[in-house]
Amino acid sequence: MDQTTPRLLRALAGETLDRPPVWFMRQAGRSLPEYRELRTRAKDFISFCHDPEMAAEATLQPMRRFPMDAAIVFADILLIPGALGQEVWFEAGEGPRLGPLPEIAAMRDAVEGSTAKLSAIGETLKLVRAELEPERALIGFAGGPWTVATYMIEGRGSMREEARSFAYAQPEKLDALLDVLVDSTARYLVMQARSGAQALKIFESWADNLAEDVFERIVIRPHRAIVEKVRAAGVTAPFIGFPRGAGALVDNYAAAVPVEGVALDTQASAALGRRLQAGGKTVQGALDNLLLREGGKALDARVETLLEQWSGGPYIFNLGHGVMPDTPVEHIARVVSRVTGQPVKAFGLQGAGVA
Ligand code: CP3
């Protein structure tokens, strides 16, 4: 690949680079004061996601502050249930709430029209792509079907025992729900790629605590189906799969799902990442988001360790989970500056003393 190809895409194509590309999960929103200001202007979080001008602004805010190698579109994994006819809202200070699960047949009928209901996200991607420098990549995303299903079944964020029990109590119903989600998610990702997303990430945030056979059925199989459907539509953008919490089952995941990149969570060992790289995957991760918030010498040391352990193969520097809302901006700047070798001063942080 030539030098003008965004670093993120070169890493996902399997290149070992002179330094890894860097971006952070949940870099848009939450921790930035300018995001909180923008947020006050939106009626609610869902309307914010469906407003291309505002969502593009939120996507670009971290790109102005930090020399991140990639932007991730400002949206949420819970927009799909909304597009399938389930009510979704965010309770201030508490998180997502969903209305009763619609009948599977009704949701299956809604799949066809679901992408049109998410067209605002395509508009956001076009606006961002038009502003973002060509050497910085734009990432589109969706939730993993199982993770989205846990919210749809339980109606809120939780310990997910109810959803995991559902996998045993009503296997046919869960499989039917996952099929609907695979289909709508694949269409949504195709739309995102056609609107300017250059890489596609599947956030399976609740891939923990699953037995090996269940993991195969409700995580691996749906992810493989999504990638195959998106590829069948002619989309060539690389995928990053994020089976968070999968532990030892990450090897099963990497062997069976044709994603180019595997995002690793905080627990990932150096050996696991190297094993995946040797098997032809690009690895992404896995700095502890709590350590990023705390900062100090321990943070600096961990950044060096991660760079050392995985820079010998295709690697994308990132967190093991999203940026915590109360993370000091200076800590983000310091890490991004270290990884990129670029002073963050140039990106609007004068006087922060981080360069
Ligand atoms: O990464 C980014 O910067 C892009 C945007 C993005 C958001 N959510 C914006 C958001 C992405 C990639 C997500 C993914 C997401 N959403 C996941 C998977 C990743 C993960 O962190 O596990 C999940 C589980 C959700 C569902 C969700 N959305 C929850 C549980 C919450 C409430 C708690 C929280 O994290 O704030 C949200 C809200 C949400 N999604 C916010 C943002 C910026 C905060 C909303 C606000 O401003 O009030």
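Here are some numbered notes on this structure, which is a predicted model.

1. Let's start with the sheet. Seven strands make an open sheet with parallel pairing, in the order β1-β4-β5-β6-β7-β8-β9. At the edges sit β1 (70–72) and β9, and each of these pairs on one side only. Going from one strand to the next, the twist averages 25°. If you're wondering what holds such a thing together, strands of a sheet pair through backbone hydrogen bonds, either parallel or antiparallel.

2. Now zoom in on one pair of neighbours. β7 and β8 run parallel and are joined by three bridges. To find one on your screen, look for V262, whose bridge partner in β8 is V283.

3. While you're at β8, check the backbone around A286, which belongs to that strand. The peptide bond from G285 to A286 is cis, with omega near -10°. That's worth a second look, because most peptide bonds are trans.

4. Next, a helix packed on the sheet. Which strands does α10 lie across? Helix α10 (residues 171–194) crosses β4 (137–143), β5 (199–204) and β6 (239–243), and runs at about 165° to β4.

5. Helix α13 (residues 270–278) is a nice one for thinking about sides. Its residues L272, G273, L276 and Q277 are buried. Why do they end up on the same side of α13? They cover an arc of only 135° around the axis, so they share one side of the helix. Among the elements covering these buried residues are α12 (250–256), β7 (261–263), β8 (282–287), α15 (297–310) and β9 (315–319). Just after α13, G280 has a positive phi of about 100°.

6. On to the aromatic rings. The whole structure holds nine aromatic pairs. One of them is F45 with F90, an edge-to-face pair with 4.8 Å centre to centre and 75° between the planes. This pair links distant parts of the chain: F45 is in helix α3 (residues 45–49) and F90 in strand β2 (residues 88–91), 45 residues apart. F45 is buried, with a relative accessible area of 11%, whereas F90 is partly exposed at 27% relative accessibility. Zoom out a little and you'll find a cluster in which ring pairs link Y35, F45, F48, F74 and F90.

7. Some rings have a charged side chain over the face. R160 does this to W206, at 3.6 Å from the ring centre. K201 lies over the face of F242, at 4.7 Å from the ring centre.

8. Stay with R160 for a moment. You'll find R160 in the loop between α8 (145–154) and α9 (161–169), and its phi is near 65°, a positive value in a residue other than glycine. Is R160 buried or exposed? At 10% relative accessibility, R160 counts as buried.

9. R26 makes a good companion case. Its phi is near 60°, again positive in a residue other than glycine. R26 sits in the loop between α1 (7–12) and α2 (33–39), and it is partly exposed, with a relative accessible area of 42%. Both cases caught my eye because most residues other than glycine have a negative phi.

10. Last, a single residue to practise on. T115 is in helix α6 (residues 104–117) and counts as buried at 17% relative accessibility, since the cut-off for buried is under 20%. What does T115 touch, leaving aside its neighbours within four places in sequence? T115 is in contact with R187, Y188 and M191.

Note on methods:
Residues numbered from 1 in each chain as written. Predicted model: local features only at pLDDT ≥ 70, side-chain atom pairs only at ≥ 80, totals over all residues. Heavy atoms only, no water. Buried < 20%, exposed > 50% of the residue type's maximum accessible area, 1.4 Å probe, protein only. Helix = DSSP H or I, 4+ residues; strand = E, 2+ residues; numbered from the N terminus. Arc of directions from axis to C-beta. Contact = heavy atoms within 4.5 Å. Phe/Tyr/Trp six-rings, centres within 6.5 Å; stacked < 30°, edge-to-face > 60°. Lys NZ or Arg CZ within 6 Å of the ring centre and 35° of its normal. Pairing = 2+ DSSP bridges. Axes fitted to C-alpha atoms, helices over the stretch in contact; angles between N-to-C directions.
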